[in-house]
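Welcome, and thanks for opening the viewer. Please load the structure, switch to a cartoon view, and follow along one stop at a time.

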Amino acid sequence: MKINAVIFDMDGLMFDTERLMKAGWEKASRKMGFTLTEYHLSQMRGGTRERSSKLFEKWFDGAVDYDRGRAIRTQYQREYIEKHGVPLKKGLMELLTYLKDHRIPAAVATSTARSEASRYWDMAGVTPYITASVCGDEVTKGKPDPEIFLTAAEKLQTPPKQCLILEDSLNGIRAAKAAGAWSCMVPDLTPAVDEIRPFCDLICEDLSRVIPYLDSCGSSLQSP
């Protein structure tokens, strides 16, 4: 097998922002008077705004204003990040540095809109490590559809079967597998339960654990 490029999800994978989103949704549910369970949150993770809006319509029969709730969640997240900075996931800089040192291109494929995502990359200091990127407002179908990963692979000029996709959500890992890429789950708030494991070629505790896997594919990697 060959791994010639790595594609990162962002929220919950690069940055510890899924916890902020969860806290923001909990604030919205208290303020608006509805119940949002871990099941609901897990189904939304990694998906687009449009998909989550449709899920709300299904779950709450139109009685809960998704856009209002999302606005409360977003405001909570933005205020936290403005005050504390972007929280990095364990092993992120170690892995990004490894990829850069070994001249392995890295892309980000996130459901977050570019205006917000790029601001996070700049604040976190990771922009110089990113070779290509695709954001949620630049595709027509969100995860679990593979479009965003196929587009990222195209931008990297690398066949999907030679890409390793790193994800933390059910929607994301399903999209990775559908893209025909090698899929690695790095669990965040969603554990690697039996439902997810068939979609995973690899499960790593944190991002630094991906490095030995890439080392094992050393024949396809380029040394400095």
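**Stop 1: the sheet.** Begin by colouring the strands: six of them form an open sheet in the order β3-β2-β1-β4-β5-β6, and their pairing is parallel. Now look at the two ends of that row. β3 and β6 (202–203) are the edge strands, and each has a single partner strand, so one side of each has no neighbour in the sheet. Keep in mind throughout that you are looking at a predicted model.

**Stop 2: strand β2.** Select residues 106–110, which make up β2. Are these residues buried or exposed? Five of the five are buried, so to speak a strand that is mostly covered. Show the side chains and compare the two faces: Ala-106, Val-108 and Thr-110 lie on one side, Ala-107 and Ala-109 lie on the other, and all are buried.

**Stop 3: from β2 to β3.** Add residues 132–135, which are strand β3. Four bridges connect β3 with β2, and the two strands run parallel. For a landmark on this pairing, pick Ala-107, which stands opposite Ala-132 in β3.

**Stop 4: from β2 to β1.** Next, select residues 5–8 to bring up strand β1. What joins β1 to β2? Three bridges do, and here too the strands run parallel. Click on Ile-7 and you will find Ala-107 of β2 opposite. Ala-107 is thus a handy residue to keep labelled, with Ile-7 as its counterpart in one pairing and Ala-132 of β3 in another.

**Stop 5: from β1 to β4.** Select residues 163–167 for strand β4. β1 and β4 pair in the parallel sense over four bridges. Which residue of β4 is the bridge partner of Phe-8? Select Leu-166 to see it.

**Stop 6: the whole chain.** Zoom out and show everything. Besides the six strands, the protein chain has nine helices. Along its principal axes, the C-alpha trace spans about 55 × 35 × 30 Å. A compact globule of 224 residues would have a radius of gyration near 17 Å, and the chain agrees, because its own value is 17 Å.

Now turn on the surface. About 10,400 Å² of the chain is accessible, and carbon and sulfur atoms account for 47% of that. Of the 224 residues, 53% count as buried. Finally, colour by charge: the 30 positive and 31 negative charges have mean positions 1 Å apart.

How values were computed. Residues numbered from 1 in each chain as written. Predicted model: local features only at pLDDT ≥ 70, side-chain atom pairs only at ≥ 80, totals over all residues. Heavy atoms only, no water. Rg over C-alpha atoms; globule rule 2.2 N^0.38 Å. Buried < 20%, exposed > 50% of the residue type's maximum accessible area, 1.4 Å probe, protein only. Areas by Shrake-Rupley, 256 points an atom, 1.4 Å probe, with all protein chains shown as cover. Lys, Arg positive; Asp, Glu negative; His and termini not counted. Charge placed at Lys NZ, Arg CZ, Asp CG, Glu CD. Pairing = 2+ DSSP bridges.
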